[in-house]
Structure formats: structure tokens, C-alpha cells
Amino acid sequence: AQQTPTADQLVKGKNPKMIVLSQRPVVMETPYDLLVSNPERTPKEILYIRNNVDLPGYNTVEGANLEGWKVEVSGLVDKPFTFEAKELLSLPQHEVTMVLQCSGNGRTLYNPRPSGNPWKRGGMGNVTFRGVRLKDLLAAKGVKLGEKAFYITAHASRQGNAPEFVRSVPIHALENALLALSMNGEPLPAVHGGPVRLVFPGYFGVNNVKWVEKIEFTEGENTTTEQVPRYRVPTIPNAAIPFLPQEPGKTYPYTLQNSRPNWLVTLNSFIFAPLEGQTVEGPYVRVEGVAFNDGIVPIVSVEVSTNGGRTWHQAQLERQEKSFGWIRWRTTVYLRSGEHEIMARAWDAAGRSQPLDGNIAWNERGYEYSGVMRVKFTVA
Ligand code: MSS
């Protein structure tokens, strides 16, 4: 029998403890204990990887060569143009800290288990991208959008005969779209899309196209498989419902009309301490974690419950401004010795919260899990 290569053998510079979910294309998850031991920012060595399409030669955390990399801007613009990625270095740089999260993160918490990579909770990270705002580049080039430019459609490089990878996001995303050249203060790792990645703060991982080569302004969403049927959840056309509940286990005939893409990041919270199965000192137990949403409105509270949701107690938030990055929260609970279960749920200023039973959002492909997290632990 062949041994599965370790993460560092597959991608140079990754922590060997990363959980390999697929070798080709490479997909790896951050073990939860490593994720929580870096609660401010997720280092490149442990940031999860999700590739639908690998770019040959890019499996390293080192930066990629900027020299010669070109990006085309076309579609519904008055003057289509192509720019050299290195031109970006002479434009104003902008920084954004954001959650990068696969829309399949938490998939294994759905029941029955949907198809796809078996993510637990480590398909996410909090990272700082730096680069040039797409709207600043358009302004610098004196380019105007057409009236019907309703979507930004980004295409990845097909170097080495790579299959296509294309995603469309609503034009609203132009407000914060960033052509990222660096991550966490270092050249953008090749495996995370270096030399240039088009990132959309507040949008699920899938929309953040690595190795971007063409940016089109379009009237409609593209119809390649990564846009439909994949990376969507059932909904009611033109109705303001986040998702249309499904009978768990049932298949769904995804079309552009009866479903919506995994775009805006769903409000979520995660307990970073205590960890599942841990024994901690009591009776005062420190509980902490992170919460995030799409960055459109602030998160206003995170509450914890130690009695199965009968009563909730407010945690302290690190800050209350809206943010694309996760915010930290903490509190102390008084617990007698014995076994306990703690739950956490967040609320944002739009009145959104998380379902107590995450399975309400069950969907065939297991996207956008945001059920209230529960952790079982023991107080000594
Ligand atoms: N891009 C490209 N180019 N390719 C691929 O495949 N994927 C997606 C994004 N982008 C891809 C891209 C996904 S799907 C995700 S998550 C992300 O990416 C990840 O990232 P990283 O860096 O971490 O690897 Mo799911 O929603």
C-alpha cells in the first residue's frame, strides 16, 4: 500500500500536521488546535488550501514570479486593457484583513453527509491581503464601466493546460475588490494565488480567484461548472430568503434561477477555548472564540449557553465596528466539576443570527454551514 504524502511533501512550506483531504488537486485542512493557537491571524504555513484546479509548479508557500504576469480587463468597459502585474507596485497599496473560508467548511456537520471534501471546521483562516483596489486601477487607467456591467467575472490562468476556473460576483463587490500581491506582510504564496489574486472581502473562498488572468465585466453570471451547478444553495427566485430548506438527503436540480451562488459569508462563530474533550480547571472557566460575517454590518453580540440554550450570557467583544476579519470574543462562566457542553452564537446589526440546528440549511453539496457550535469538555 502507498502512503499518503504529508502536507509538506505536497506543498513546500506547509505544516506537516495539516490534514490532507485530496492530493490532486491539493486540498488540505487546518487541524483545529493549530487554527486556535493563532487566534489573531492565520500564518501561511497552516492556512487551509482548496484547489479545484492546481496550477502546475505553484505548490509552495513561497511567492511567485511577478515578472511577465499579465492580466486582461475586458467585457462591458469603454476601453478594454491589459496590464502588467508589476505595474500594480507603483499604484497606491491597500490592506484588508479578512476571513478566507471555503463555502464547504463544516460540511461534515451536516447529516446525512453531503458529497465533497470532508471539511470539519478548519477550512478557514483570518489573513491580511495587501495590493491594489480594482476600482483604483480602473480609475488610474481612466476606464468606465458599461451600464449593464452587473457582475465581475474573474478567470484563473490556464498555464500548463490547467482546466478553467471562473467565478462571477455582483458588481457591488467592486467596492472592496483587491488585486492582492501579498499576504500577512509577505509575497502572496504561490499556492494561495501568487503572484496576483483577485480577492473579494466578505465573500466565500471560492470567489477569490487565484492566479487571476482575466477580469471581465458582464451582464450575467458565467455558467461554467464552478458557478452552476456547483457552489450554490437552493433558494426561491427573487425572494429574500437566505436558503430554501431541503429534505436532508434529497437531490436538487440546480439552475441559475432556483439557487444562488455562495457569495456573502454567512454569519458564524467558533469556540476556540475550551476545546472538545479537554479537561479544564474550575469553577471559573474562560471561554473564547471568534465571530465573523460578510462585513456589511457589525457583529453586535456573541452569547454563550451552558444549559443547552435555555439561557444565554453575553460575551465581551474585542470590537464592534464592521469588519471583514474575524473579531475575538471572550467571557468567563462558573461551572461545577463534571461534564459540560457549551454553545456560542453570534448576532449582527442586521438582526441575523445562527440556527441552533445547523442541519436546517442541509443542502446536497454541504455548503454554508453556520449552525451553533457546541463543545463538550470536563471541569476538573
Ligand atoms: N482559484 C483558482 N484559480 N482555482 C481554484 O481551484 N478554488 C477556490 C478559491 N479560488 C480555486 C480558486 C476555492 S473553492 C477556495 S475555498 C479558495 O480558493 C481557497 O483558497 P486557498 O488560498 O485557501 O487555497 Mo471553497 O469555497
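This is a guided tour of a predicted model, going from the ligand to the nonpolar core and then to single residues in strands, helices and loops.

**The ligand and its shell**

Begin by selecting the ligand together with the 20 residues that surround it, of which the closest are Tyr48, Asn52, Cys102, His192 and Lys210. If you colour this shell by class, you will find eleven nonpolar, six polar and three charged residues. The space that the ligand takes up is the largest cavity.

Next, display the backbone atoms of the shell and look at the heteroatoms of the ligand. One oxygen atom of the ligand lies 2.5 Å from a polar backbone atom of asparagine 52, and an oxygen atom of the ligand is also found 3.1 Å from a polar backbone atom of valine 206. For a nitrogen atom of the ligand, turn to asparagine 208, where a polar backbone atom is 3.0 Å away.

**The nonpolar core**

Now hide the ligand and select Leu134, Leu179, Leu198, Ile215 and Phe217, which have the most contacts inside the largest nonpolar core, a set of 46 residues. Among the elements that each supply at least two residues of this core are helix 3 (134-140), strand 10 (178-183) and strand 13 (212-218), and strand 4 (70-75) and strand 5 (81-84) belong to that list as well. Strand 8 (151-156) is on the list too, and it is strand 8 that gives the most to this core, with four residues.

Stay with helix 3 and pick alanine 139, which is placed in that helix. Alanine 139 counts as exposed because its relative accessible area is 58%, where the cut-off for exposed is over 50%. If you draw a C-alpha to C-alpha distance from alanine 139 to proline 234, you will obtain 37 Å, for a pair that is 95 residues apart in sequence.

**Strand 6**

Move to glutamine 101, located in strand 6 (residues 94-101). Its relative accessibility is 2%, so glutamine 101 counts as buried. Show its side chain along with that of asparagine 105, since the two side chains make a polar contact at 3.1 Å.

**The loop between strands 23 and 24**

Select the loop that runs between strand 23 (338-348) and strand 24 (373-379), and find asparagine 363 in it. Asparagine 363 has 1% relative accessibility and therefore counts as buried; a polar atom of its side chain lies 2.9 Å from the backbone oxygen of alanine 361.

Further along, glutamate 368 is found in the loop between strand 23 and strand 24, and it is buried, with a relative accessible area of 8%. Its phi is near 60°, a positive value in a residue other than glycine. Serine 370, also in the loop between strand 23 and strand 24, is buried at a relative accessible area of 8%. From serine 370, select leucine 267: the C-alpha atoms are separated by 6.9 Å, although the residues are 103 apart along the chain.

**Backbone geometry to check**

Most residues other than glycine have a negative phi, and most peptide bonds are trans. With that in mind, select asparagine 161, which has a positive phi of about 60° and sits in the loop between strand 8 and strand 9 (166-170). Asparagine 161 counts as exposed, at 75% relative accessibility.

Finish with two peptide bonds that lead into proline. The bond from glycine 194 to proline 195 is cis, with omega near 10°, and proline 195 lies in the loop between strand 11 (186-187) and strand 12 (197-199). A cis peptide bond also joins glycine 282 and proline 283, with omega about -5°; proline 283 is placed in the loop between strand 17 (279-280) and strand 18 (284-292).

Technical notes
Residues numbered from 1 in each chain as written. Predicted model: local features only at pLDDT ≥ 70, side-chain atom pairs only at ≥ 80, totals over all residues. Heavy atoms only, no water. Near = heavy atom within 4 Å. Polar contact = N/O pair within 3.5 Å; in protein donor to acceptor, adjacent residues only side chain to side chain. 1 Å grid on protein atoms, 1.4 Å probe; cavity = no way out; pocket = protein on both sides within 12 Å on 5 of 7 lines; lining within 4 Å. Sits in = over half its atoms within 2 Å of the grid points. Nonpolar A, V, L, I, M, F, W, Y, C, P; charged D, E, K, R; others polar. Core = buried A, V, L, I, M, F, W, Y, C linked by side-chain atoms within 4.5 Å. Buried < 20%, exposed > 50% of the residue type's maximum accessible area, 1.4 Å probe, protein only.
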